[in-house]
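Work through the exercises below with the sequence and the 3D structure at hand. Try each task before reading its solution.

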Amino acid sequence: MTKKTNTPERLAPRNKLSKAYIEKMITVCLFLLIPTLLLVVFTYIPAAEMVKFSFEERDQFGVNVKFVGLENYKTVFTTPEYFAAFKNSIYYLFGSFIQLGLALFLATILCSKIRFSNFFKGVVFFPYMINTVAVALIFRRFFQKGDGITNTDGTLNSIITLFGGDPVKFLSTEGLVNICLVFVSIWRYIGFDIVMFIGAIQSISPDIYEAADLDGANRFQVFRYIIAPGIRPIILLQMILAVKGAISVYEIPFIVTGGRFGSSTFVIQTTETAFKFQKVGLASAMAVVLFLIIVVVTIIQKLVLKEDK
Amino acid sequence: MAEAVIKNDSYSFVPKLFTVLKYAILVIACLVVFIPLVVVFLGSFKNNTEFLSSNVFALPTKFEWSNYKTAFIDGKVLLGLKNTAIIIVISCTGTIIVGTMTAYVLQRFKTVLGKVLKAAFLLATLFPAISMQVTVYRIMNNFHLVGTMAAPIILYIGTDIVSIYIFMQFLDNISYSLDESAIIDGANYFTVFFKIILPLLKPAIATVLIIKVISIYNDFYTPQLYMPSEELSVVSTSLYRFMGPYGAKWEIIFAGIVICIIPALVIFLTLQKQIYAGLVNGSVKE
């Protein structure tokens with residue numbers, strides 16, 4: 001990209017009639033035909049429609065379409081059940097930061113002199129490889145409270161009763177249910193963060209550690225003055241991704257609780273509004289709102305990362 | 001020199017305590033991962049009566065293989081694995097062909113069309129994927145693609161900016177002199193791409209394959225929306241459907257979960273290093 005002198009352009013002179021130029025243009029057009037087509041038809045046309053529909057009252061079939069102006073946006077922001085779902089994002093956001101802190105801690109331990117570090121790394125990473133639906137079902141059972149007829153207590157309640165406690169309704173108590181779902185999310189995704197952090201820590205030159213060792217730096221100092229600054233960009237990046245992740249949570253709460261007991265998220269609300277209640281106009285407005293939030297977060301990301309350089 | 005090393009690693013009591021603490025933390029982390037999984041594994045071998053009466057950590061008294069048979073055949077997990085494999089193979093082939101070709105043109109030729117497309121791809125990463133389906137669904141419906149494997153396959157191939165970025169980054173490090181000498185020898189751009197560039201992109205292709213396979217295998221929303229019929233079950237949707245008919249029969253659901261975990265475990269154990277490397281390389285795109 002940077003080496004201007006060596007691009008193939010030099011070999012294909014900008015003479016409109018030259019064979020090389022024509023050949024180059026044919027290659028460009030042929031190679032870009034499919035991706036352009038896919039991008040326009042399945043991303044940009046739907047995106048444009050989304051904006052247009054957000055000002056209309058319409059169902060999935062598009063009969064009796066009515067222009068309603070900003071009515072849908074007003075509904076999104078004023079109806080508690082729609083906008084309140086954003087409140088649950090705070091649980092996930094908070095959870096993501098705990099996840100990052102814990103991942104950084106475990107990654108630092110795994111990068112120190114330790115036996116079986118590959119085994120430990122493999123174990124904590126493996127949940128990331130398990131199918132989402134499988135993870136959700138595993139924890140639906142894990143947190144279950146028995147009803148005494150068809151179902152017994154799940155794993156966690158069995159442990160609680162083993163120690164003499166009373167079973168807890170983990171998944172049907174408002175507030176608590178979100179904490180459980182956040183735990184599932186951390187359980188599944190923390191391994192990914194750990195692998196990222198280990199990659200970043202190992203990319204720091206070993207000479208620096210050796211020099212610190214010679215200077216008699218202790219473990220905390222090594223972390224504070226060598227590891228932390230070295231992996232700062234990746235931490236910032238993961239934090240921004242955590243924000244984007246927290247407002248787009250869908251699969252785990254949808255499968256574990258179906259969004260009941262106050263565990264619904266904005267994306268669950270959007271898809272239900274569109275496909276269950278057939279309010280495509282309103283759902284489009286919700287999608288546009290989510291898009292705008294992501295744009296704002298991305299602009300912040302660019303500013304923060306730029307400043308960091 | 002030796003003095004410093006010794007001071008840090010043994011002799012005093014505090015570092016030893018640190019070491020014990022480190023292992024203790026790691027063992028606890030492993031238990032947190034293992035406990036939910038062990039219960040699933042044990043439970044999958046119990047029959048219904050035993051499942052309801054025994055402790056969750058109790059070993060099964062008799063191995064009940066019929067749960068696996070039910071999950072495999074009646075629960076359509078086998079069909080799910082087959083359909084998932086078909087979708088993965090076609091989508092990955094498509095992504096690699098389209099992705100490498102796009103990256104080659106965008107990175108090697110500075111054309112106006114290329115620049116516009118690159119910006120368009122970047123902007124598209126900001127669209128919220130699941131919420132967008134509200135209107136993508138209509139388009140798919142207009143093309144009569146809802147209820148076919150083509151719908152998810154097109155989406156997996158068509159919107160994959162991450163792969164294109166990984167290929168472009170890799171191309172940055174492939175010297176232009178290779179292209180030049182081939183062109184001087186009379187090769188056209190197609191030959192350069194297929195004979196020189198594509199073989200050199202192998203490591204990037206491996207990275208993309210790893211990220212792609214994991215994300216398709218895990219996707220639940222797309223197949224659920226576009227392939228609602230039972231014949232088109234993939235791993236995630238077939239497992240999801242278990243909740244209906246086997247609502248109270250956790251031992252069968254558990255067997256289904258174990259069947260889904262095994263291929264992931266085998267792939268993980270054989271490709272561990274490549275998977276870590278692939279994910280780390282793939283994250284650089286942001």
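The exercises that follow concern a predicted model.

**Exercise 1.** Determine what span is expected for helix α1 (residues 19–53) of chain A, and compare it with the distance between its end C-alpha atoms.

Solution. Helix α1 of chain A has 35 residues. The expected span is 1.5 Å times one less than the number of residues, so this helix should span 51 Å. Its end C-alpha atoms lie 48 Å apart, which agrees with the expected value. The helix also has a kink of about 45° at A:Leu33, shortly before the proline A:Pro35.

**Exercise 2.** Compare the radius of gyration of chain A with that of a compact globule of 309 residues.

Solution. Start from the globule: with 309 residues, its radius of gyration would be near 19 Å. For chain A the value is 26 Å. Next, take the extents: the C-alpha trace of chain A spans about 85 × 75 × 35 Å along its principal axes. Then consider burial: 40% of the residues in chain A are buried.

**Exercise 3.** Which residues touch the most other members of the largest nonpolar core?

Solution. The core has 156 residues, and the ones sought are A:Ala134, A:Ile194, A:Phe197, A:Met286 and B:Ile257. Helix α8 (residues 176–202) of chain A contributes the largest share of this core, 16 residues. Now take A:Met286 and set aside its neighbours within four places in sequence. The contacts of A:Met286 are then A:Val76, A:Tyr82, A:Phe266, A:Gln269, A:Thr270, A:Thr273 and, from chain B, B:Ser131.

Notes:
Residues are numbered from 1 along each chain as its sequence is written. Chains are lettered from A and ligands numbered from 1 in the order in which they are written. This is a predicted model: local features need pLDDT of at least 70, side-chain atom pairs count only at pLDDT 80 or more; totals for chains, interfaces and linings use all residues. A nonpolar core is a set of buried Ala, Val, Leu, Ile, Met, Phe, Trp, Tyr and Cys residues joined through C-beta atoms within 7 Å. A residue is buried if 20 or more other C-beta atoms lie within 10 Å of its own, exposed if 12 or fewer, and partly exposed in between; C-beta atoms are placed from the backbone. Helices (H or I, at least four residues) and strands (E, at least two) are DSSP runs, numbered from the N terminus. Two residues are in contact if their C-beta atoms, placed from the backbone, lie within 7 Å. The bend at a residue is the angle between axes fitted to the seven residues ending there and the seven starting there. The radius of gyration is taken over C-alpha atoms; the globule rule is 2.2 Å times the number of residues to the power 0.38.
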